[in-house]
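Here is a friendly walk through one protein model, from its sheets to its ligand surroundings. Please keep the sequence and the 3D view at hand as you read.

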Amino acid sequence: MSTTLIAADPVLEVRNLCVDYGLGEDAVHGVTDATLTLRRGEVLGLAGESGSGKSTLAYALTRLLRAPGVITGGEVLFHNRPQGSATTETVDLLAADAAKLRQIRWSQLAVVFQSAMHALNPVARVDAQLTDVLKAHRKQMTPAQRRERAVELLRMVGISEDRLRSYPHELSGGMRQRVMIAMALALEPQIVIMDEPTTALDVVTQREILEELMQLRERLGFSIIFITHDLSLLIELADSIAIMYAGRLVERAGANELFHTPRHPYSLGLLNSFPALHGDRIRMEGIPGSPPSLTALPGGCAFHPRCAFAMDRCGSETPRLERPQRDDSSGNRKDGEERLAACWLQDGRQSPPAPLAIGLSAPAAERPGQGIPSQETPGHENHGLESQGLENNGLESNGHEITGSDR
Ligand SMILES: Nc1ncnc2c1ncn2[C@@H]1O[C@H](COP(=O)(O)OP(=O)(O)O)[C@@H](O)[C@H]1O
Ligand code: SF4
Ligand SMILES: [Mg+2]
């Protein structure tokens with residue numbers, strides 16, 4: 001966790017972002033009314049099952065969305081303060097023209113997309129690909145300076161200089177992904193958006209890369225939006241977390257709060273989908289059913305067909321993302337950010353069921369299927385990735401009995 005989080009100012013504010021695929025009555029709502037804040041130096045995690053709209057959100061806010069995707073509303077405010085500058089310029093990325101976007105993308109806001117390691121040019125050597133970025137954006141650099149910087153960037157992500165002359169096919173998947181991360185960091189951006197950057201890698205490589213990434217973030221001070229279907233991973237990495245379901249954000253909280261006191265049944269289900277590393281064999285609860293197709297969303301709260309706590313109104317009325325009422329354990333975060341949940345259980349008309357009501361810090365270890373990654377507060381004191389989060393993919397463990405020794 002960033003030690004600067006408490007006083008950190010926002011670097012990116014996404015407000016009421018809406019994205020459709022297609023037009024008119026047949027339009028599919030890929031993202032509905034998403035509001036998020038990324039603070040300087042913070043890791044903001046975005047989690048949700050496959051198809052929940054995470055990548056759509058990332059493409060839309062960087063204006064990289066392709067047809068039939070259409071941004072139908074909202075604003076994305078980038079508070080641009082380049083390194084060494086004392087002044088901040090606020091740019092609405094959704095209103096920015098092509099020249100402005102070119103100036104900001106990569107230099108100030110870099111993206112590592114899903115399967116990015118396949119995005120390297122297969123017929124160009126690593127050094128050519130790294131120096132090309134510098135040639136395009138740092139015209140004042142001499143060829144020798146560019147080469148020196150390329151070596152430095154590779155070292156930064158744990159690759160030795162002798163790989164500079166390699167072609168992508170001569171590198172392992174992990175190395176290719178490291179090169180992509182080096183390219184994203186080449187121009188010292190303020191924000192890096194990473195969409196499932198390590199999902200295709202084995203867990204050991206994933207762990208190594210993420211550890212390096214967190215060290216780089218500490219050193220260079222950039223902010224990260226880290227997108228994954230693996231909530232257990234985010235609990236360790238992120239400062240704050242947003243949970244997405246069927247195109248909507250359904251809960252926002254600090255990583256620690258989300259882990260100990262989830263307020264949305266879907267967040268609780270995701271947390272209960274990954275096993276403890278230690279302890280007795282336990283039955284994983286998981287989430288019954290599968291995510292809905294956005295072309296045929298259930299009415300009301302889209303989660304209601306899978307929700308163990310659903311009430312009558314859940315099938316017809318859509319809850320807004322609001323501060324849980326009757327909630328004395330989850331007030332404003334230390335950085336001033338409110339925690340929010342989109343669930344009728346939290347509207348104050350009734351007492352929410354125990355797992356979604358009280359602070360769960362003590363009973364969390366007793367929750368079915370819920371293990372605490374370490375003795376430290378997850379996501380905050382523990383950023384060494386030394387606990388179980390990287391060793392299992394929670395969403396794959398639904399319904400299975402697993403113990404640490406099984407793995
Ligand atoms: N090109 C497209 N055309 C139509 N619908 C799309 C397209 N891309 C994505 N979608 C819709 O948006 C949903 C969310 O996709 P995506 O943002 O990729 O989810 P995630 O990244 O969370 O897995 C998909 O389930 C699909 O219904
Ligand atoms: S609004 Fe109803 S269906 Fe939706 S998550 Fe809350 S209790 Fe479950
Ligand atoms: Mg995706």
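Let us start with a pair of strands. Strand 7 (residues 191–195) runs parallel to strand 8 (residues 223–228), and the two are joined over 5 bridges. Within this pair, Met-194 has Phe-226 of strand 8 as its bridge partner. Helix 1 (residues 54–61) packs on the sheet, where it touches strand 3 (43–47), strand 7, strand 8 and strand 9 (240–245). The direction of helix 1 makes about 150° with that of strand 7.

A few conventions help here. The model is predicted, so local features need pLDDT of at least 70 and side-chain atom pairs count only at pLDDT 80 or more, while totals for chains, interfaces and linings use all residues. Residues are numbered from 1 along each chain as its sequence is written, and chains are lettered from A and ligands numbered from 1 in the order in which they are written. Helices (H or I, at least four residues) and strands (E, at least two) are DSSP runs numbered from the N terminus, and two strands pair if DSSP finds at least two bridges between them. Contact is defined by C-beta atoms, placed from the backbone, that lie within 7 Å. Axes are lines fitted to C-alpha atoms, for helices over the stretch in contact, and angles run from 0 to 180 degrees between N-to-C directions.

**The two sheets**

The protein chain holds 9 helices and 13 strands. Strands 7 and 8 belong to an open sheet of 7 strands with the order 6-7-8-3-9-10-12 and mixed pairing. Strand 6 (109–112) and strand 12 (340–341) form its edges; each has a single partner strand, so one side of each lacks a neighbour in the sheet.

Another open sheet has 4 strands, ordered 2-1-4-5, with antiparallel pairing. At its edges stand strand 2 and strand 5 (89–92), each with a single partner, so one side of each has no neighbour in the sheet. On average, neighbouring strands of this sheet are turned by 5° against each other, direction ignored. Helix 1 packs on this sheet too, touching strand 1, strand 2 and strand 4 (69–80), with its direction at about 115° to that of strand 1.

Strand 1 (residues 10–21) pairs with strand 2 in the antiparallel sense over 8 bridges. Leu-12 stands opposite Leu-38 in strand 2, and Val-14 has Leu-36 as its bridge partner. The hairpin of these strands has 6 residues between them, and Gly-22 there takes a positive phi near 90°.

**Burial and the helices**

How much of the protein chain is buried? Of its 407 residues, 46% are buried, meaning that 20 or more other C-beta atoms lie within 10 Å of a residue's own; exposed means 12 or fewer, and partly exposed lies in between, with C-beta atoms placed from the backbone. Three elements compare as follows.

| Element | Buried residues |
|---|---|
| Helix 1 | 7 of 8 residues |
| Strand 2 | 9 of 12 residues |
| Helix 5 | 12 of 13 residues |

Helix 1 is largely enclosed by the rest of the structure, and its buried residues include Lys-54 and Leu-61. Just after helix 1, Arg-63 takes a positive phi of about 60°.

The buried residues of helix 5 (residues 173–185) pack against strand 6, helix 3 (126–137), helix 4, strand 7 and helix 6 (203–220). The 13 residues of helix 5 should span 18 Å at 1.5 Å a residue, and its end C-alpha atoms are 19 Å apart, which agrees; the expected span is 1.5 Å times one less than the number of residues.

Is Arg-155 in helix 4 (residues 143–156) buried or exposed? Arg-155 counts as exposed because it has 12 C-beta neighbours inside 10 Å. The C-alpha atoms of Arg-155 and Ala-182 are separated by 9.0 Å, although the residues are 27 apart along the chain.

**Around the ligands**

Of the 13 residues around ligand 1, Tyr-21, Gly-51, Lys-54, Ser-55 and Thr-56 come nearest; a residue counts here if its C-beta atom, placed from the backbone, lies within 6 Å. Strand 2 (28–39) and helix 1 are the elements that give two or more residues to this shell, and helix 1 has the largest share, 3 residues. By class, the shell has 4 nonpolar, 8 polar and 1 charged residues. Here Ala, Val, Leu, Ile, Met, Phe, Trp, Tyr, Cys and Pro count as nonpolar, Asp, Glu, Lys and Arg as charged, and the others, Gly among them, as polar.

Around ligand 2 there are 14 residues, of which Cys-301, His-304, Cys-307, Cys-314 and Cys-343 come nearest. This shell divides into 12 nonpolar, 2 polar and no charged residues.

Terms used. Two residues are in contact if their C-beta atoms, placed from the backbone, lie within 7 Å.
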